[in-house]
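Visitor: I'm new to looking at protein structures. Could you walk me through this one?

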Amino acid sequence: MNIETDTMLETVNRIIKSHFGCCPQEIRKFEHVTNNFVYSFTVLDKHYILKLYRSTDWPENGKVQFVNQLLMQNNIPCAELITYSQNNQFYPNGYLIEREIQGIAADKTLFDREQEIALYVKLAKLVSSIHNIKIKNYGYIGSGIACYDSMISFFEDEFDRFESGLKETISKAQLNKMKEKFLGIMADFEDLPSVLCHSDLSKKNIMVQNNGEILLIDWDDAIAFNWMADIARLTFWMKLNYNQQDYVLFKNTFLKHYQTAHRKSDFISFESGFHIYSALDSLLFFLDIGNTEMQNHFINYLRCLDL
């Protein structure tokens, strides 16, 4: 990429210089990032990531620092957070700088079948450890305490958001059918405790380090849900990106190696409902950023649901 054509470059340089006291030796912009502006850069021969947020109200206030501290306290491998700002003179939307992980994202790696199976075995063990971290209440966690005393109450508000944002795309009658189906299934799982959830588990957020170990990156969507919600988001991504045979293989591999004492055998029932929410949430996101191809994909997916 010719970084001289990047209109954000001056802002990036100012932020880096204000923090490190010198200009970067090298800057590279990550292409095809839909939700934020992301750069890697080098200062004094050390490698970092700079993420500039597109939105002024996401991630919610205090979450990035809180989640990073939780992960470190519980010995969960994560990128080292260098600094985080939500209101900077050079970029008011907010940004973070973290140490760059030496490795490659799993979605950029060419795996054979056995290597991909091994990846999901490692991921299952890692996510099992993350889900041992309990969070008070459900929903957006901000500085540590979520706002809802049940997942049902959180999702009721989420469907208000869908009704407002999707009224030109999905009929109210159809959305009400989806809501009734979804909330009916979720009601059967109100006994599951609230835990720290990554909320965007997919290969693009799995870093395979140079030593072969993995860690999760991009915790901006972290939230307090039950464990099933986190895994159902992962299997939703699998369903979209694998053929049916591989989807079943990799899902079952993950579930076999995932460890929990909470109703593991009931996951398939939960998953069938949660994929409705995942599709609606994805559709609203792609409407917001104007990606017509993905909008049509999720509209067709929702039309094919058996309600």
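**A pocket and some salt bridges**

Guide: Happy to! Keep in mind that this is a predicted model. Let's begin with a pocket: the lining of the second largest one divides into six nonpolar, two polar and four charged residues.

Visitor: Okay, what is the volume of the second largest pocket?
Guide: Let's first see who lines it: among the residues there are Lys 181, Tyr 247, Asp 306 and Leu 307. The space they line has a volume of about 170 Å³.

Visitor: Which helix gives the largest share of the lining of the second largest pocket?
Guide: Look at the lining residues that include Ile 268, Glu 271, Ser 272, His 275 and Ile 276. Five residues of the lining come from one helix, spanning residues 267–289, and that's the largest share. The helix is H8.

Visitor: Now the charged side chains. How many salt bridges does the structure hold?
Guide: Some of them join up, as Glu 158, Arg 161, Arg 233 and Asp 281 are linked in a network. For the structure, the number of salt bridges is 16.

Visitor: How far apart are the closest N and O atoms in the salt bridge of Arg 14 with Glu 10?
Guide: Both residues sit in helix H1 (residues 9–20), and because they're four residues apart, about one helical turn separates them. Glu 10 is exposed at 51%, while Arg 14 is partly exposed at 44%. Their closest N and O atoms are apart by 2.9 Å.

Visitor: And Lys 63, is it buried or exposed?
Guide: Lys 63 meets Glu 60 in a salt bridge, at 3.0 Å from N to O. Its partner Glu 60 has a relative accessible area of 12%, so Glu 60 is under the 20% cut-off. Lys 63 has 1% relative accessibility, so it too falls under 20% and counts as buried.

Visitor: Which parts does the pair of Arg 113 and Asp 246 tie together?
Guide: The two side chains meet in a salt bridge, 2.9 Å from N to O. Arg 113 lies in a helix of residues 113–130 and Asp 246 in one of residues 244–257, so the pair ties together parts that are 133 residues apart in sequence. Those parts are helices H3 and H7.

Visitor: What's the relative accessible area of Arg 113 in that pair?
Guide: Its partner Asp 246 counts as buried, at 12% relative accessibility. Arg 113, on the other hand, is partly exposed, and its relative accessible area is 40%.

Terms used: Residues are numbered from 1 along each chain as its sequence is written. This is a predicted model: local features need pLDDT of at least 70, side-chain atom pairs count only at pLDDT 80 or more; totals for chains, interfaces and linings use all residues. Side-chain values use heavy atoms; hydrogens and water are left out. On a 1 Å grid over the protein atoms alone, a cavity is a set of points where a 1.4 Å probe fits but cannot get out, and a pocket is an open set with protein on both sides within 12 Å along at least five of seven lines; lining residues have an atom within 4 Å of a point. Grid points are joined across faces, edges and corners, and a volume is the space filled by probe spheres set on the points. Helices (H or I, at least four residues) and strands (E, at least two) are DSSP runs, numbered from the N terminus. Ala, Val, Leu, Ile, Met, Phe, Trp, Tyr, Cys and Pro count as nonpolar, Asp, Glu, Lys and Arg as charged, and the others, Gly among them, as polar. A salt bridge is a side-chain nitrogen of Lys or Arg within 4 Å of a carboxyl oxygen of Asp or Glu. Buried means under 20% relative accessible area, exposed over 50%, partly exposed in between (1.4 Å probe, protein chains only).
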